[in-house]
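Welcome! Here is a short tour for anyone meeting this structure for the first time. Please take a look at the sequence and the structure below before reading on.

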Amino acid sequence: MEKEKNRQQDKSGRMIEVHVKRQDTPDAPAKWEVFQIKWRANLNVIAVLQELQIHPVRADGHATTPPAWEAACLEEVCGTCTMIINGVPRQACAALVDKLEQPIRIEPLSKFPVMRDLMVDRQRMFDHLKHVKAWVGIDGTYELGPGPRYSNDLAQERYKLSECMTCGCCVEACPQYGPHAKFIGPQAVNQVQLFNTHPSGALNATERLEAVMGDGGVQDCGDAQNCVKVCPKKIPLTESIAKVSRATTVHAIKKIID
Ligand code: SF4
Ligand code: SF4
Ligand code: FES
């Protein structure tokens, strides 16, 4: 019944106009290309790109190259399909065509080097995770036994922070973050809070705090609060930033006193 309905709607001739920002190589100039594809029920932006991959012909009838993009999970978990859709950084797999204004404008994230078309190199964000030691250190590979117990309330609070998928939406929206700025970004600061509140992770709390003190650290946050508005996981980034900022101040005072 549903299939039949979709088939009938396909025959309606309704079209979707899509504008894609293209770039052949990291150094090539960017250009916009306009496409039109047949509307289908329940299309998301990944499905639109797949259509263009199969049939890479522009709206003016000229053949072009298939657009390149990244995707893995297709369920808003891996973060790889993050791009700017109608001016908003978000996951293409979760962007439903019927909820988007047309023409749909798709472009790569602007805070990272473009590799090709919609694929960007987000390595900088992963380097920032290394910089803040975003992990719980274990000493050796032997059996350590059960980890320390902690309250359900803390577990709930940490779970929310742990949902970060390093997608890049928050740093895209952050006015302080950019290719020429030193600011480490809200996602890395959030990881400091996540691992410093783990009973074993707290053993390296001082190192993490020192990693976000000084130039490019948490103090570079201008409190514009854009990050928290675009995070698809609704992570309370500004709360994490405020807590880490307070902790760095306490740590700095202690260092003076000791
Ligand atoms: S609150 Fe801080 S981290 Fe978030 S967008 Fe503003 S400047 Fe960036
Ligand atoms: S904090 Fe949210 S927006 Fe930022 S990288 Fe993580 S999931 Fe994406
Ligand atoms: S493909 Fe993983 S978040 Fe979209």
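The points below cover two helix pairs and then two single residues. Please keep in mind that this is a predicted model.

**Helices α4 and α6**

- Helix α4 spans residues 152-162 and helix α6 spans residues 186-196; their axes come within 9 Å and cross at roughly 150°.
- Because angles over 145 degrees count as roughly antiparallel, α4 is described as roughly antiparallel to α6.
- The handedness of the crossing of α4 and α6 is left-handed.
- On the α4 side, the residues that meet α6 are Arg158, Leu161 and Ser162. Their partners in α6 are Asn190, Gln191, Gln193, Leu194 and Phe195.
- Sorted by character, the residues of this contact of α4 with α6 comprise 3 nonpolar, 4 polar and 1 charged.

**Helices α3 and α6**

- Helix α6 also packs with helix α3 (residues 123-131), at an angle of about 25° and with the axes 9 Å apart.
- Since angles under 35 degrees count as roughly parallel, α3 is roughly parallel to α6.
- Here, α3 passes α6 in a right-handed crossing.
- From α3, Met125, His128 and Leu129 take part, and they meet Gln187, Ala188 and Gln191 in α6.
- This contact of α3 with α6 divides into 3 nonpolar and 3 polar residues, with no charged ones.
- Gln191 is worth finding in your viewer: this α6 residue is listed in the contact with α4 and also in the contact with α3.

**Thr82, in a strand**

- You will find Thr82 in strand β3, which covers residues 82-85.
- Thr82 counts as buried because its relative accessibility is 4%, and buried means under 20%.
- Beyond its neighbours within four places in sequence, Thr82 is in contact with Arg90, Gln91, Leu109, Cys167 and Cys169.
- For one of these partners, Leu109, the C-alpha atom is separated from that of Thr82 by 7.4 Å, although the two residues are 27 residues apart along the chain.
- With another partner, Cys167, the side chain of Thr82 reaches the backbone oxygen at 3.4 Å.

**Ala94, in a loop**

- Ala94 lies in the loop between β4 (88-91) and β5 (104-107).
- Is Ala94 buried, partly exposed or exposed? Ala94 is partly exposed, because its relative accessible area is 31%, which falls between the limits of 20% and 50%.
- Ala94 and Val45 are 49 residues apart along the chain, and their C-alpha atoms are separated by 7.8 Å.

Notes:
Residues numbered from 1 in each chain as written. Chains lettered and ligands numbered in written order. Predicted model: local features only at pLDDT ≥ 70, side-chain atom pairs only at ≥ 80, totals over all residues. Heavy atoms only, no water. Axes fitted to C-alpha atoms, helices over the stretch in contact; angles between N-to-C directions. Helix = DSSP H or I, 4+ residues; strand = E, 2+ residues; numbered from the N terminus. Parallel < 35°, antiparallel > 145°, perpendicular 65-115°, else oblique. Left-handed = near helix turned anticlockwise from the far one by under 90°. Contact = heavy atoms within 4.5 Å. Nonpolar A, V, L, I, M, F, W, Y, C, P; charged D, E, K, R; others polar. Buried < 20%, exposed > 50% of the residue type's maximum accessible area, 1.4 Å probe, protein only. Polar contact = N/O pair within 3.5 Å; in protein donor to acceptor, adjacent residues only side chain to side chain.
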